[in-house]
Amino acid sequence: MYGISSAALFPRSSSAAAIGRRHLSSKSLFSISPSSNWWNLGKSSVFGSPSPSPCIFNNKAMASSISTVEEKAKPWLLVGLGNPGKRYTGTRHNVSTPSPPPSLIGDVPVMLAKPQTFMNASGESVGAIVSYYKIPLKQVLVMFDDMDLPFAKLRLLPKGGHGGHNGMRSIINHLKGSKDFPRLRIGIGRPPGKMDPASFVLRPFNREERQELDFTLQNGLEAVRILVHDDFNKSATFVNTAKSLQL
C-alpha cells in the first residue's frame with residue numbers, strides 16, 4: 001500500500017515468503033460467505049469477531065447455488081481488502097473486512113469476497129471471481145483503507161485510479177487496466193510523527209478508534225445497501241451527508 005513493498009509489510013522474509021507462496025499458489029484465492037450477520041453490527045462487531053465458516057470458491061455446492069442465482073440476475077460483488085490470517089485481524093489495513101453479508105439485499109443477489117492473497121496481490125482474487133461469474137464492473141464494489149482520508153471518513157467514488165494503494169493497483173492490473181468500478185474508501189488517517197507507513201497500517205485500533213469506526217462502518221454498510229438496492233448517486237449523497245460520531 002502506498003509504495004510499501006511486500007518485504008516491508010512482512011519483515012521476516014523467509015517465513016513471510018513461504019506464507020505468500022502458499023496463498024498465491026492456492027486454488028482458493030478468495031472465500032465467499034453469505035450470512036445475515038454482516039448488516040447487524042450490534043450482534044457481530046467487525047473487529048476480531050469470528051466469521052461463519054466460509055464457502056471457498058471451488059466449493060461445488062456454493063458455485064451451483066450462485067450459478068442458479070446468476071441465471072436470474074448478475075450478483076453484486078463486494079470486496080473487502082486486507083491481509084489473511086489472525087495476525088492481521090483488527091489492523092488498519094483490514095478495516096474493510098467485516099463479517100459476510102446476506103445473499104440478497106432486497107431482491108438483488110450479492111457476494112462478499114475476502115481475498116486469501118495478501119493485500120498487494122488482491123487482483124489475483126478479484127480478477128478471477130469477476131471473470132468466472134462474468135460480473136459487470138459497475139457491480140464490483142471494492143472497499144479498502146485509505147491513509148489520504150481523515151480517520152473514520154468515508155468516500156464513495158464511481159471509478160478512479162489506485163491512488164498509490166497496492167491492493168487497488170493489483171486489482172486494476174488484473175481487470176485489464178480498467179478503472180471503471182466503484183470503490184468505498186475508509187479513512188485511517190496519516191501515521192503520527194515519522195512513523196513508517198508500513199508499521200502504521202499493520203497497527204491495531206485502540207478502544208476509542210474502534211468505537212468511532214463501528215459508527216462509521218454502520219454508515220458505510222447503509223451506503224452499500226443503498227448502492228446495491230437503489231443507485232450510486234443516492235448512496236454517494238448519503239455518504240457525503242452522514243454525520244460522524246462525536247467522541
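Which residue does the side chain of Lys234 meet in a salt bridge? I looked this up first and found Asp230, with 3.5 Å from N to O. I keep in mind that the model is predicted.

**Entry: Lys234 and Asp230**

I checked how open this pair is. Lys234 is partly exposed, at a relative accessible area of 48%. Asp230 is also partly exposed, at 34%.

**Entry: salt bridges in the structure**

I looked up the total and noted 5 salt bridges. I followed up two others by name.

I turned to Arg92, whose side chain meets that of Glu209 in a salt bridge, 2.9 Å from N to O. Arg92 sits in the loop between β3 (76-80) and β4 (104-105), while Glu209 belongs to helix α7 (residues 207-229), so this pair ties together parts that lie 117 residues apart in sequence. I then asked whether the two residues are buried or exposed. Arg92 has a relative accessibility of 2% and counts as buried. Glu209 is buried as well, at 18%; the cut-off for buried is under 20%.

Next I took Arg185, which forms a salt bridge with Asp146, with the closest N and O atoms 2.4 Å apart. Here the link runs between two strands: Arg185 is in β8 (residues 183-187) and Asp146 in β6 (residues 140-146), 39 residues apart. Arg185 counts as buried at 12% relative accessibility. Asp146 counts as buried at 4%.

I wrote down a general point on such pairs: side chains of opposite charge can pair when their charged atoms come close.

**Entry: helix α8**

I went back to Lys234 and read along the helix that spans residues 232-241, α8. Which residues of α8 are buried? I found Ser235, Ala236 and Val239. Viewed down the helix axis, the buried residues of α8 fall within an arc of 100°, so they line one face of the helix. The general rule I had in mind is that an α-helix has 3.6 residues a turn, so residues three or four places apart point the same way.

On the other side of α8 I found Asn233 and Thr241, which are exposed. I then looked for what lies over the buried residues of α8, and the cover includes β7 (154-157) and α7. Helix α7 had already come up in my notes as the one that holds Glu209.

**Entry: the start of α8**

What caps the N-terminal end of α8? I found Asp231 there, with a side-chain oxygen 3.3 Å from the backbone nitrogen of Asn233. Asn233 is thus in my notes twice, the other time as an exposed residue of α8.

Technical notes: Residues are numbered from 1 along each chain as its sequence is written. This is a predicted model: local features need pLDDT of at least 70, side-chain atom pairs count only at pLDDT 80 or more; totals for chains, interfaces and linings use all residues. Side-chain values use heavy atoms; hydrogens and water are left out. A salt bridge is a side-chain nitrogen of Lys or Arg within 4 Å of a carboxyl oxygen of Asp or Glu. Helices (H or I, at least four residues) and strands (E, at least two) are DSSP runs, numbered from the N terminus. Buried means under 20% relative accessible area, exposed over 50%, partly exposed in between (1.4 Å probe, protein chains only). The arc is that of the directions from the helix axis to the C-beta atoms. Contact means heavy atoms within 4.5 Å. A polar contact is a pair of N or O atoms within 3.5 Å; within protein, one must be able to donate a hydrogen and the other to accept it, and residues adjacent in sequence count only if both atoms are side-chain atoms.
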